[in-house]
Amino acid sequence: MASQILLDLKNVNKVFGNNHVLRDINLRIERGKFITFLGPSGCGKTTLLRSIAGFYTVDEGEVWIDGKQVNDLPPYKRGTPMVFQEYALFPHMTVFDNIAYGLDIQKRPEEEIEKRVMGALAQVKLTGLEGRYPHEMSGGQQQRVAMARALVMNSPIILLDEPLSNLDAKLREEVRVELRGIQQDLGLTVIYVTHDQLEALSMSDYIVVFNKGAIDQYGTPHEIYYEPRTQYVADFIGTTNFVEATVLEHNDREALVAYGKETPIKVPIKAHLNKSEEVLLSVRPESLRINQPDVGDFSIRATVKSSMFLGEKERYFLEDSAGKEWIVDAYDIGLTRFTGEVVITADVDKLHLIKKTN
Ligand SMILES: Nc1ncnc2c1ncn2[C@@H]1O[C@H](COP(=O)(O)OP(=O)(O)OP(=O)(O)O)[C@@H](O)[C@H]1O
């Protein structure tokens, strides 16, 4: 039986001149999963994607695809088609010919090409449009043609580099759902590059968060959001509040931590800690409550500075006595408004402890 691991990156390093772009990347990707490479511009996502596809050779480390080491294989022998932001469709060719291109190069028999192209068109729901030219199609449809061009090669893995960034917001959302649907229906393994956190959270089975050429965290969207391993990840994914704290004592499951002038609290822990260690408590704006002192053991006195109505929630900006800013999202509070001195509270299980050394 084929191994569940389709892509295995072992200690991959890539250097451009004196720019060390990928640092000791170790990553194992399972078959049939939607994986997103997430990180800000310039952190190395595209470079890693291109190193998997074979457009770049790595300077150190090994790239394994489907049980084969492919370091020395050119792109067309790796079975890793890439779909780009700008689609890279040939404008002078019909949709059919665009999709058939890779098979033509392989000199497949005409009948087989016809069958496979029509099959790929059906998979992306474009049957009937095979005679059109790219400029006669919408951005979303062109994106699907680009996808079909990858699908037709029957490759084990498809690489997508910011494929939706040319589309407007509404269409982007639609195509996201479609793409994820195609991936799930066909059981494809997809690696998707984006700097858009929402896109990553909403589409992926797993997210790889990049920080300056290294992987800070690999986990499910929920793990990345609720249990960020580093301050960088917590900060990059959504909005969060950080509080400096000190470990007073701990066992394997929880730590008693002191923060500000408040009564120390017990917080669940995942990482190994030391006594007296300086840590950060991270708490999401939606996990905090204003003036509900009965909720939770964590509490901070603060003053409301401003607020912003965002429809489903009101976002409050507050300041505590140490001058630290807090962000709290209040949901479903109708016409209630908070002003002046308030107490913000949270359940301890909504607090996430992050080691500072990370
Ligand atoms: N062919 C190249 N030659 C030299 N430097 C390169 C090359 N490709 C990328 N780089 C550099 O490598 C670093 C990482 O770039 P990369 O494109 O992988 O980042 P990214 O995370 O994909 O960003 P973006 O979202 O902007 O594409 C950048 O500093 C970039 O300038």
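Domain bounds are taken from an automatic or database domain assignment. In this predicted model, that assignment splits the chain into domain 1, residues 5–228, and domain 2, residues 239–355. The C-alpha centres of domain 1 and domain 2 are 39 Å apart.

The ligand is surrounded by Phe16, Asn19, Val21, Gly39, Ser41, Gly42, Cys43, Gly44, Lys45, Thr46, Thr47 and His195. Two elements supply two or more residues to this shell: strand E2 (19–30) and helix H1 (45–53). Helix H1 contributes the most, with three residues. By character, the shell holds three nonpolar, eight polar and one charged residue.

Strand pairing was examined next. Strand E3 (residues 34–38) runs parallel to strand E9 (residues 206–211), and four bridges join the two. In this pair, Ile35 faces Tyr206 of E9. Strand E9 also pairs with strand E10 (residues 214–219), here in the antiparallel sense and over five bridges. Phe210 is placed opposite Ile215 of E10. E9 and E10 form a hairpin with two residues between the strands. Within this hairpin, Lys212 adopts a positive phi near 45°.

Another group of strands builds an open sheet. Its five strands follow the order E13-E12-E11-E14-E20, with antiparallel pairing. Strand E13 (265–268) and strand E20 (352–355) are the edge strands, and each pairs on one side only. Neighbouring strands of the sheet are turned against each other by 50° on average, direction ignored. One of the pairs joins strand E11 (residues 241–250) to strand E12 (residues 254–258). This pair is antiparallel and has four bridges. His250 lies opposite Ala255 of E12.

A single residue, Met308, was also examined. Met308 belongs to strand E16 (residues 298–309). Met308 counts as exposed because 10 other C-beta atoms lie within 10 Å, and a residue with 12 or fewer is classed as exposed. Met308 was also compared in position with Tyr133. The two residues are 175 residues apart in sequence. In space, Met308 and Tyr133 are 47 Å apart, C-alpha to C-alpha.

Note on methods
Residues are numbered from 1 along each chain as its sequence is written. This is a predicted model: local features need pLDDT of at least 70, side-chain atom pairs count only at pLDDT 80 or more; totals for chains, interfaces and linings use all residues. A residue is near a molecule or strand if its C-beta atom, placed from the backbone, lies within 6 Å of it. Ala, Val, Leu, Ile, Met, Phe, Trp, Tyr, Cys and Pro count as nonpolar, Asp, Glu, Lys and Arg as charged, and the others, Gly among them, as polar. A residue is buried if 20 or more other C-beta atoms lie within 10 Å of its own, exposed if 12 or fewer, and partly exposed in between; C-beta atoms are placed from the backbone. Two strands pair if DSSP finds at least two bridges between them. Axes are lines fitted to C-alpha atoms, for helices over the stretch in contact, and angles run from 0 to 180 degrees between N-to-C directions.
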